[in-house]
Amino acid sequence: MSVINLNSQVSLQEAEDTIAAVGNENPIHLVGEPGVGKTAMHERLCKRLGMKGVYMDVPNIELGDIGIPMPNHETKTTALYPNEAWGIHTGEPLVFFLDEFTKGSEAVKNTLHPLLNERRLANFKLHPDSVVVTAGNNNTDGVGDVMKAHSLNRITIMPVRKPTSDEWREWGSGNGVAPEVLAWAKQYPHAFATYTDASQADNPYIFNPKTPQKSFVSPRSLFKASNIIKKRDLISKNALEVALAGTIGNAAAKDMVAFVDVADSLPTWEQIIDKPTEAKVPESPAALCILAYGALQKVDRQSIGKWFEYMKRTSTELQSVFCLSASKSKEKREIVLSSKVFVDWMREKQYLF
(Lines give C-alpha, C1' and ligand atoms only; values in the text may rest on other atoms or scores of the structure.)
Protein backbone atom coordinates (compact mmCIF):
# COMPACT_ATOMS: atom_id res chain seq x y z
CA MET A 1 0.00 0.00 0.00
CA SER A 2 1.33 3.43 -0.89
CA VAL A 3 1.58 6.01 1.86
CA ILE A 4 -1.61 8.00 1.57
CA ASN A 5 -1.67 11.70 0.77
CA LEU A 6 -3.77 13.81 3.09
CA ASN A 7 -5.16 17.15 2.00
CA SER A 8 -4.21 18.87 5.25
CA GLN A 9 -0.59 19.66 6.05
CA VAL A 10 1.40 21.13 8.91
CA SER A 11 4.43 23.38 9.04
CA LEU A 12 7.73 22.05 10.32
CA GLN A 13 7.20 23.97 13.55
CA GLU A 14 3.74 22.48 14.04
CA ALA A 15 5.11 18.99 13.46
CA GLU A 16 7.93 19.60 15.95
CA ASP A 17 5.47 20.87 18.57
CA THR A 18 3.26 17.81 18.12
CA ILE A 19 6.20 15.42 18.46
CA ALA A 20 7.38 17.21 21.59
CA ALA A 21 3.87 16.89 23.03
CA VAL A 22 2.94 13.27 22.23
CA GLY A 23 5.96 11.64 20.58
CA ASN A 24 6.64 9.54 23.68
CA GLU A 25 3.21 7.96 23.27
CA ASN A 26 2.38 8.15 19.56
CA PRO A 27 5.07 7.52 16.95
CA ILE A 28 4.82 10.39 14.47
CA HIS A 29 5.43 9.72 10.78
CA LEU A 30 6.59 12.79 8.86
CA VAL A 31 5.83 12.69 5.15
CA GLY A 32 6.72 15.35 2.61
CA GLU A 33 8.71 16.30 -0.47
CA PRO A 34 12.49 15.77 -0.60
CA GLY A 35 14.59 18.36 1.14
CA VAL A 36 11.89 20.24 3.07
CA GLY A 37 13.60 19.78 6.45
CA LYS A 38 12.14 16.60 7.94
CA THR A 39 15.49 15.04 8.84
CA ALA A 40 16.89 18.30 10.19
CA MET A 41 14.12 18.27 12.78
CA HIS A 42 15.86 15.45 14.66
CA GLU A 43 18.64 17.66 16.00
CA ARG A 44 16.17 20.36 17.02
CA LEU A 45 14.05 17.82 18.89
CA CYS A 46 17.07 16.51 20.78
CA LYS A 47 17.99 20.03 21.90
CA ARG A 48 14.42 20.92 22.76
CA LEU A 49 13.78 17.76 24.79
CA GLY A 50 17.26 17.53 26.30
CA MET A 51 17.77 13.96 25.11
CA LYS A 52 20.37 12.12 23.09
CA GLY A 53 19.36 11.18 19.56
CA VAL A 54 19.47 7.91 17.65
CA TYR A 55 19.38 8.38 13.89
CA MET A 56 18.84 5.39 11.61
CA ASP A 57 18.75 5.40 7.80
CA VAL A 58 16.30 2.52 7.51
CA PRO A 59 16.89 1.54 3.82
CA ASN A 60 20.53 0.87 4.70
CA ILE A 61 19.76 -1.27 7.75
CA GLU A 62 19.98 -5.06 7.69
CA LEU A 63 18.63 -7.32 10.40
CA GLY A 64 22.13 -7.80 11.78
CA ASP A 65 22.39 -4.05 12.32
CA ILE A 66 19.57 -4.24 14.85
CA GLY A 67 21.18 -6.91 17.00
CA ILE A 68 22.56 -10.43 17.05
CA PRO A 69 21.49 -13.49 19.07
CA MET A 70 24.08 -14.55 21.64
CA PRO A 71 24.06 -18.03 23.25
CA ASN A 72 23.72 -18.60 26.96
CA HIS A 73 25.46 -21.92 27.51
CA GLU A 74 24.06 -22.41 30.99
CA THR A 75 20.41 -22.09 29.95
CA LYS A 76 21.00 -23.37 26.42
CA THR A 77 19.07 -20.40 25.04
CA THR A 78 19.90 -17.29 23.04
CA ALA A 79 19.17 -13.63 23.75
CA LEU A 80 19.37 -10.65 21.45
CA TYR A 81 22.30 -8.32 22.01
CA PRO A 82 21.15 -5.01 20.49
CA ASN A 83 23.55 -2.97 18.41
CA GLU A 84 25.23 -0.32 20.54
CA ALA A 85 24.15 2.34 18.03
CA TRP A 86 20.53 2.03 19.17
CA GLY A 87 21.42 3.10 22.72
CA ILE A 88 18.78 0.74 24.17
CA HIS A 89 21.29 -0.71 26.64
CA THR A 90 21.73 2.66 28.38
CA GLY A 91 18.18 2.77 29.73
CA GLU A 92 18.04 6.55 29.21
CA PRO A 93 15.41 8.53 27.28
CA LEU A 94 16.25 8.85 23.57
CA VAL A 95 14.86 10.49 20.46
CA PHE A 96 14.69 7.81 17.75
CA PHE A 97 14.53 9.08 14.18
CA LEU A 98 13.92 6.31 11.64
CA ASP A 99 14.59 8.14 8.39
CA GLU A 100 13.19 6.92 5.07
CA PHE A 101 11.26 4.27 6.99
CA THR A 102 8.94 3.71 4.04
CA LYS A 103 11.88 2.70 1.82
CA GLY A 104 13.20 -0.01 4.13
CA SER A 105 12.92 -3.74 3.48
CA GLU A 106 9.78 -5.42 4.80
CA ALA A 107 11.87 -7.67 7.06
CA VAL A 108 13.53 -4.70 8.72
CA LYS A 109 10.29 -2.72 9.02
CA ASN A 110 8.55 -5.70 10.60
CA THR A 111 11.39 -6.13 13.08
CA LEU A 112 11.12 -2.46 14.01
CA HIS A 113 7.33 -2.58 14.45
CA PRO A 114 7.55 -3.13 18.24
CA LEU A 115 9.25 0.27 18.48
CA LEU A 116 6.13 1.82 16.99
CA ASN A 117 3.48 0.11 19.06
CA GLU A 118 4.84 -1.77 22.08
CA ARG A 119 7.75 0.68 22.40
CA ARG A 120 10.41 -1.96 22.61
CA LEU A 121 13.25 -3.39 20.53
CA ALA A 122 13.15 -7.16 20.93
CA ASN A 123 12.83 -7.57 24.74
CA PHE A 124 14.29 -4.17 25.58
CA LYS A 125 11.64 -1.64 26.60
CA LEU A 126 12.14 2.01 25.76
CA HIS A 127 12.43 4.61 28.50
CA PRO A 128 8.93 6.07 29.11
CA ASP A 129 10.09 9.49 27.88
CA SER A 130 11.70 8.20 24.68
CA VAL A 131 10.32 9.63 21.44
CA VAL A 132 9.93 7.71 18.17
CA VAL A 133 9.75 9.51 14.82
CA THR A 134 9.67 7.99 11.34
CA ALA A 135 9.95 9.86 8.05
CA GLY A 136 9.45 9.35 4.34
CA ASN A 137 8.33 11.00 1.11
CA ASN A 138 4.95 11.37 -0.57
CA ASN A 139 4.01 8.37 -2.70
CA THR A 140 3.48 10.82 -5.58
CA ASP A 141 7.14 11.85 -5.33
CA GLY A 142 7.97 8.61 -7.12
CA VAL A 143 10.91 7.63 -4.93
CA GLY A 144 9.70 4.25 -3.71
CA ASP A 145 7.80 4.91 -0.48
CA VAL A 146 5.50 2.08 0.59
CA MET A 147 3.89 1.24 3.92
CA LYS A 148 1.43 -1.58 4.58
CA ALA A 149 -1.79 -1.24 6.52
CA HIS A 150 -0.46 -2.89 9.68
CA SER A 151 2.29 -0.24 9.77
CA LEU A 152 -0.03 2.66 9.00
CA ASN A 153 -2.25 1.64 11.91
CA ARG A 154 0.66 1.96 14.34
CA ILE A 155 1.58 5.56 13.54
CA THR A 156 0.26 9.11 13.44
CA ILE A 157 0.82 10.46 9.94
CA MET A 158 1.68 14.14 9.67
CA PRO A 159 2.14 15.49 6.13
CA VAL A 160 4.66 18.34 6.28
CA ARG A 161 4.39 21.19 3.80
CA LYS A 162 7.32 23.06 2.33
CA PRO A 163 8.28 26.17 4.26
CA THR A 164 7.36 29.47 2.68
CA SER A 165 10.02 31.91 1.57
CA ASP A 166 9.37 34.00 4.70
CA GLU A 167 9.65 30.98 7.00
CA TRP A 168 12.83 29.73 5.40
CA ARG A 169 14.49 33.15 5.43
CA GLU A 170 13.69 33.57 9.12
CA TRP A 171 15.38 30.22 9.76
CA GLY A 172 18.25 30.93 7.39
CA SER A 173 19.09 34.34 8.87
CA GLY A 174 19.77 32.61 12.19
CA ASN A 175 21.67 29.69 10.73
CA GLY A 176 24.41 31.35 8.74
CA VAL A 177 22.84 31.28 5.28
CA ALA A 178 24.64 33.66 2.90
CA PRO A 179 22.91 37.06 2.51
CA GLU A 180 22.89 36.58 -1.28
CA VAL A 181 20.87 33.37 -0.90
CA LEU A 182 18.45 34.95 1.58
CA ALA A 183 17.92 37.88 -0.79
CA TRP A 184 17.41 35.49 -3.70
CA ALA A 185 14.80 33.59 -1.68
CA LYS A 186 12.93 36.85 -1.02
CA GLN A 187 12.92 37.77 -4.71
CA TYR A 188 11.91 34.28 -5.86
CA PRO A 189 9.20 33.08 -3.43
CA HIS A 190 7.81 30.78 -6.15
CA ALA A 191 10.93 28.64 -5.67
CA PHE A 192 9.20 27.38 -2.51
CA ALA A 193 6.05 26.29 -4.34
CA THR A 194 5.05 22.64 -4.63
CA TYR A 195 4.46 20.48 -7.68
CA THR A 196 1.17 19.33 -6.12
CA ASP A 197 -0.20 22.78 -7.01
CA ALA A 198 -1.39 22.40 -10.60
CA SER A 199 -0.54 26.03 -11.35
CA GLN A 200 3.17 25.25 -10.79
CA ALA A 201 3.48 22.69 -13.61
CA ASP A 202 5.94 24.92 -15.50
CA ASN A 203 7.89 26.14 -12.46
CA PRO A 204 11.57 25.56 -13.44
CA TYR A 205 12.92 25.76 -9.89
CA ILE A 206 11.06 23.12 -7.92
CA PHE A 207 11.05 19.34 -7.61
CA ASN A 208 8.58 17.71 -9.98
CA PRO A 209 8.49 13.92 -10.38
CA LYS A 210 6.96 14.32 -13.86
CA THR A 211 9.93 16.34 -15.13
CA PRO A 212 13.41 14.75 -15.36
CA GLN A 213 15.78 16.93 -13.35
CA LYS A 214 19.16 16.37 -11.74
CA SER A 215 18.96 19.22 -9.25
CA PHE A 216 16.22 21.49 -7.93
CA VAL A 217 15.51 24.09 -5.28
CA SER A 218 14.60 22.87 -1.82
CA PRO A 219 15.38 24.22 1.65
CA ARG A 220 18.16 21.62 1.84
CA SER A 221 19.72 22.43 -1.53
CA LEU A 222 19.54 26.19 -0.87
CA PHE A 223 21.57 25.69 2.30
CA LYS A 224 24.16 23.78 0.27
CA ALA A 225 24.15 26.56 -2.33
CA SER A 226 24.92 28.98 0.50
CA ASN A 227 28.04 26.97 1.35
CA ILE A 228 29.23 27.44 -2.23
CA ILE A 229 28.38 31.16 -2.34
CA LYS A 230 30.36 31.85 0.84
CA LYS A 231 33.50 30.25 -0.65
CA ARG A 232 33.17 31.72 -4.15
CA ASP A 233 36.40 33.70 -3.82
CA LEU A 234 38.29 30.39 -3.77
CA ILE A 235 36.94 29.08 -7.09
CA SER A 236 36.54 30.31 -10.66
CA LYS A 237 33.36 31.96 -11.95
CA ASN A 238 32.78 28.94 -14.18
CA ALA A 239 33.17 26.54 -11.25
CA LEU A 240 30.72 28.66 -9.25
CA GLU A 241 28.09 28.48 -11.98
CA VAL A 242 28.54 24.74 -12.51
CA ALA A 243 28.49 23.96 -8.78
CA LEU A 244 25.32 25.98 -8.23
CA ALA A 245 23.62 24.36 -11.23
CA GLY A 246 24.52 20.96 -9.79
CA THR A 247 22.99 21.95 -6.46
CA ILE A 248 19.82 23.96 -7.21
CA GLY A 249 19.33 23.44 -10.96
CA ASN A 250 20.18 25.52 -14.02
CA ALA A 251 17.38 28.09 -13.78
CA ALA A 252 18.00 28.94 -10.13
CA ALA A 253 21.78 28.93 -10.59
CA LYS A 254 21.59 31.45 -13.42
CA ASP A 255 19.51 33.82 -11.33
CA MET A 256 21.65 33.37 -8.23
CA VAL A 257 24.87 34.15 -10.10
CA ALA A 258 23.28 37.47 -11.04
CA PHE A 259 22.72 38.14 -7.33
CA VAL A 260 26.36 37.32 -6.64
CA ASP A 261 27.45 39.86 -9.24
CA VAL A 262 25.31 42.48 -7.51
CA ALA A 263 26.70 41.54 -4.08
CA ASP A 264 30.29 41.90 -5.24
CA SER A 265 29.62 45.50 -6.27
CA LEU A 266 28.23 46.58 -2.88
CA PRO A 267 30.12 48.64 -0.30
CA THR A 268 31.84 46.51 2.31
CA TRP A 269 30.64 46.34 5.90
CA GLU A 270 33.79 48.18 6.97
CA GLN A 271 33.09 51.01 4.52
CA ILE A 272 29.53 51.34 5.80
CA ILE A 273 30.51 51.44 9.48
CA ASP A 274 33.53 53.70 8.96
CA LYS A 275 31.65 56.27 6.86
CA PRO A 276 27.88 55.65 7.21
CA THR A 277 26.97 59.05 5.74
CA GLU A 278 29.23 58.66 2.71
CA ALA A 279 29.22 54.96 1.77
CA LYS A 280 27.50 54.22 -1.52
CA VAL A 281 23.79 53.38 -1.38
CA PRO A 282 22.73 50.99 -4.17
CA GLU A 283 19.47 51.48 -6.02
CA SER A 284 18.39 48.00 -7.11
CA PRO A 285 15.96 46.07 -4.85
CA ALA A 286 18.18 42.99 -5.02
CA ALA A 287 21.23 44.92 -3.82
CA LEU A 288 19.30 46.51 -0.97
CA CYS A 289 17.96 43.13 0.12
CA ILE A 290 21.46 41.63 0.15
CA LEU A 291 22.66 44.57 2.24
CA ALA A 292 19.85 44.07 4.75
CA TYR A 293 20.57 40.37 5.28
CA GLY A 294 24.31 40.96 5.37
CA ALA A 295 23.86 43.58 8.09
CA LEU A 296 21.60 41.25 10.05
CA GLN A 297 24.47 38.76 10.34
CA LYS A 298 27.18 41.31 11.18
CA VAL A 299 25.58 43.99 13.33
CA ASP A 300 26.46 44.09 17.04
CA ARG A 301 26.09 46.52 19.94
CA GLN A 302 29.11 48.54 18.81
CA SER A 303 28.07 48.91 15.17
CA ILE A 304 24.27 49.19 15.33
CA GLY A 305 24.30 52.98 15.68
CA LYS A 306 26.52 53.45 12.63
CA TRP A 307 24.46 50.93 10.66
CA PHE A 308 21.25 52.87 11.38
CA GLU A 309 22.92 56.07 10.20
CA TYR A 310 23.58 54.36 6.89
CA MET A 311 20.30 52.47 6.76
CA LYS A 312 18.23 55.65 7.09
CA ARG A 313 19.67 56.73 3.74
CA THR A 314 18.17 53.66 2.06
CA SER A 315 14.64 52.80 1.02
CA THR A 316 11.89 51.99 3.48
CA GLU A 317 11.85 48.44 2.08
CA LEU A 318 15.42 47.75 3.17
CA GLN A 319 14.75 49.29 6.56
CA SER A 320 11.68 47.13 7.12
CA VAL A 321 13.42 43.94 5.92
CA PHE A 322 16.28 44.50 8.36
CA CYS A 323 14.24 45.60 11.36
CA LEU A 324 11.51 42.99 11.05
CA SER A 325 14.09 40.22 10.54
CA ALA A 326 16.22 41.43 13.44
CA SER A 327 13.24 41.58 15.80
CA LYS A 328 12.49 37.90 15.03
CA SER A 329 16.10 36.72 15.28
CA LYS A 330 16.99 34.85 18.47
CA GLU A 331 20.59 36.02 18.15
CA LYS A 332 19.99 39.70 17.28
CA ARG A 333 16.66 40.41 18.97
CA GLU A 334 18.15 41.52 22.30
CA ILE A 335 20.72 43.73 20.55
CA VAL A 336 18.20 45.65 18.47
CA LEU A 337 15.40 45.86 21.03
CA SER A 338 17.76 47.38 23.60
CA SER A 339 19.08 49.92 21.09
CA LYS A 340 17.73 53.46 21.22
CA VAL A 341 18.15 53.92 17.46
CA PHE A 342 15.95 50.89 16.82
CA VAL A 343 13.27 52.00 19.28
CA ASP A 344 13.24 55.45 17.68
CA TRP A 345 12.91 53.87 14.24
CA MET A 346 9.98 51.74 15.41
CA ARG A 347 8.17 54.82 16.74
CA GLU A 348 8.81 56.71 13.52
CA LYS A 349 7.78 53.84 11.22
CA GLN A 350 4.90 52.41 13.27
CA TYR A 351 2.63 52.85 10.26
CA LEU A 352 4.42 49.86 8.70
CA PHE A 353 3.12 47.46 11.36
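Residue L288 is placed in helix α12, and in this predicted model it serves as a starting point for describing the region around that helix. With a relative accessibility of 8%, L288 falls below the 20% cut-off and therefore counts as buried. When residues up to four places away in sequence are left aside, L288 touches P282, E283, T314, S315 and L318. A183 is separated from L288 by 105 residues in sequence, yet the two C-alpha atoms are 8.7 Å apart in space.

L288 also belongs to the lining of the largest cavity, together with K186, P285, C289, S315, E317, L318 and V321. The elements that contribute two or more residues to this lining are α12 and α14, the latter covering residues 316-328. S315 and L318 thus appear both among the residues that L288 touches and in the lining of the cavity. The volume of the largest cavity is about 40 Å³, and the structure holds one cavity of 30 Å³ or more. By class, five of the lining residues are nonpolar, one is polar and two are charged.

Helix α12 takes part in a further void, the second largest pocket, whose volume is about 390 Å³. This pocket is lined by 21 residues, and those nearest its centre are E180, A263, P267, W269 and K298. Two or more lining residues come from each of α7 (179-187), α8, α11 (269-274) and α12 (285-298), and among the elements α12 gives the most, with six residues. The lining of the second largest pocket comprises 12 nonpolar, three polar and six charged residues.

A263, one of the residues nearest the centre of the second largest pocket, is also among the buried residues of helix α10. Helix α10 runs over residues 250-263, and its 14 residues reach 20 Å from the first C-alpha to the last, close to the 20 Å expected at 1.5 Å a residue. In addition to A263, the buried residues of α10 are A252, A253, D255, M256, V257, F259 and V260. An α-helix has 3.6 residues a turn, so residues three or four places apart point the same way. The buried residues of α10 pack against α7, α8, α9 (237-248) and α12. Of these partners, α7, α8 and α12 are also named among the elements that give two or more residues to the lining of the second largest pocket.

The largest pocket has a volume of about 1,400 Å³. Of the 38 residues that line the largest pocket, L12, A40, R44, W171 and N175 are the closest to its centre. The elements giving two or more residues to this lining are α1 (12-22), α2 (41-49), α6 (165-173) and α8 (219-230). In terms of residue class, the lining of the largest pocket divides into 10 nonpolar, 11 polar and 17 charged residues. Helix α8 is accordingly listed for the largest pocket as well as for the second largest pocket.

Two residues outside these regions were examined for their backbone geometry. Most residues other than glycine have a negative phi, and most peptide bonds are trans. K76, in contrast, has a phi near 55°, a positive value in a residue other than glycine, and is placed in the loop between β3 (67-72) and β4 (77-82). R119 likewise has a positive phi, near 55°, without being a glycine, and is found in the loop between α4 (106-116) and β6 (120-121). As to accessibility, K76 is exposed, with a relative accessible area of 74%, whereas R119 counts as buried at 14% relative accessibility.

At the level of the whole chain, the secondary structure comes to 16 helices and nine strands, and the C-alpha trace spans about 85 × 45 × 40 Å along its principal axes. Of the 353 residues of the protein chain, 48% count as buried. Among contacts with a separation of 6 or more, those between residues 24 or more positions apart account for 70%. The mean pLDDT of the chain is 90, and 97% of the residues reach 70 or more. Residues 1-6 have a pLDDT that stays under 50, and for this segment the model has 20 contacts beyond four places in sequence.

Conventions:
Residues numbered from 1 in each chain as written. Predicted model: local features only at pLDDT ≥ 70, side-chain atom pairs only at ≥ 80, totals over all residues. Heavy atoms only, no water. 1 Å grid on protein atoms, 1.4 Å probe; cavity = no way out; pocket = protein on both sides within 12 Å on 5 of 7 lines; lining within 4 Å. Points joined across faces, edges and corners; volume = space filled by probe spheres on them. Helix = DSSP H or I, 4+ residues; strand = E, 2+ residues; numbered from the N terminus. Nonpolar A, V, L, I, M, F, W, Y, C, P; charged D, E, K, R; others polar. pLDDT = per-residue confidence, 0-100. Contact = heavy atoms within 4.5 Å. Expected span 1.5 Å × (residues − 1). Buried < 20%, exposed > 50% of the residue type's maximum accessible area, 1.4 Å probe, protein only.
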